[in-house]
Amino acid sequence: MSVLKRAGLSPQMEPFRGSTSAWLPYSVGTGTLLFSLALSLAGFLQAAALLALLAAFSLFLELSFTPGPLRLLPGVSSQNVVARLAPTERTEKKVVLAAHLDTHRTPGAFSSQRALSIYRCLVTLGMAGAVLLTSLVVAAAAMGRRTPAFVAIVPALPLLPVLALCIQADLTPHTPGANDNASGVGVVLFLAEALARAPLRRTEVWFLLTGCEEVGARGAEAFVRNHRKELDRPFFIAVDSVGGKGTHPTFLAKETLFLPFRSNSFLFGLAQRAARERPELGAREWKNFRGAYTDAAPAARAGWPVLGLVNLTPQGVLPQWHRLGDVFDKLDPSAVERTGEFLLSLLRSLDGASP
């Protein structure tokens, strides 16, 4: 707040109802699926089928950033910080620069690249197992026989380690969050100061610092919901984890947690242009950021044109991701600075370009 105020802006805090855990909805959903299988094996076929369908549908909604039954779990009060900067001339475009303030826990699944690879394989198998389990439990109810439920034991097996990993994650401490995402917040604040000194001509800029990103992008979701009519499909740029050692400014063509969210072709083209015009910044594109999301996901789901920046190594690694080692000493200040300069070039190109 103080940095934004010193820049001459008038930041506001916008409260919303958030979540305490990224993992609890999946623990509950996965556990409910396994319980539905137990009910089916015990002969309660109709009840099991209804419960399995409810759990599977709820998990799908949660993975696609859509409110559903799992949002009834205990929540917490959180808030976004929002400030806006008018252009020097008439407003022809609007852009939102977003970075999240919260940090994640430090699950065992993220303790090393090998553990993360194993976890991703388990999640893939678990998703397939959830679909098969649900189908077989429903088939058992339709047939009036438990035989399909016994077959469902096989696809249910990958769900057990997934459930265990979800429970373990909620027992771990939070990461210090130097890269994820103090680095992104620093870039947005740098842009606020730079643009306050030299505003864009025809583009109104909104600076958005969100809460509860790490638990399902709830802050960004609340912002989209509260400002949808007022903003009318603004450009939305998410800045997340941009200071890791060995990384370069990296703009994403697509991010995929469950459903793919593609970056806007116009914004992506401007990013490519900025990368060509400022080669000393080392900016580059990345085709698909898999198994993760940024604050751009709820905006993309609402139909807003989005672009995500998540600085990766050439091997596609996000350094110190959700680990206790995500501390200031392991940041690369030059990566943060180059990302800020890259985004400033992109914004000035956006200001003078026509979609």
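Helix 9 has a kink of about 40 degrees, centred on arginine 225. That bend, like everything else described here, comes from a predicted model. The helix runs over residues 218-231, 14 residues in total, and its first and last C-alpha atoms lie 18 Å apart. That span is close to the 20 Å expected at 1.5 Å a residue, so the kink of about 40 degrees sits in a helix whose reach is still close to the expected value.

A good part of helix 9 is tucked away from solvent. Its buried residues start with Arg218, Gly219, Ala220, Glu221, Ala222, Phe223 and Val224, and the list is completed by His227 and Leu231. Just past the helix comes aspartate 232, where phi turns positive, near 55 degrees.

Over to the surface, Phe57, Phe60, Phe258 and Leu259 together make a nonpolar patch of about 340 Å². One of these, phenylalanine 60, belongs to helix 3, which covers residues 45-63. Phenylalanine 60 counts as partly exposed because its relative accessibility is 36%, and the partly exposed class lies between the under 20% of buried residues and the over 50% of exposed ones.

Then there is alanine 115, found in helix 4 (residues 113-143). Leaving aside residues up to four places away in sequence, alanine 115 touches Gly108 and Ala109. Threonine 30 is another story: it is 85 residues away from alanine 115 along the chain, and the C-alpha atoms of the two are separated by 21 Å.

Technical notes:
Residues numbered from 1 in each chain as written. Predicted model: local features only at pLDDT ≥ 70, side-chain atom pairs only at ≥ 80, totals over all residues. Heavy atoms only, no water. Helix = DSSP H or I, 4+ residues; strand = E, 2+ residues; numbered from the N terminus. Contact = heavy atoms within 4.5 Å. Patch = residues over 30% accessible without salt bridge, like charges linked within 9 Å, V, L, I, M, F, W, Y side chains within 5 Å. Areas by Shrake-Rupley, 256 points an atom, 1.4 Å probe, with all protein chains shown as cover. Salt bridge = Lys/Arg side-chain N within 4 Å of Asp/Glu carboxyl O. Buried < 20%, exposed > 50% of the residue type's maximum accessible area, 1.4 Å probe, protein only. Expected span 1.5 Å × (residues − 1). Bend = angle between axes of the 7 residues up to and from the residue.
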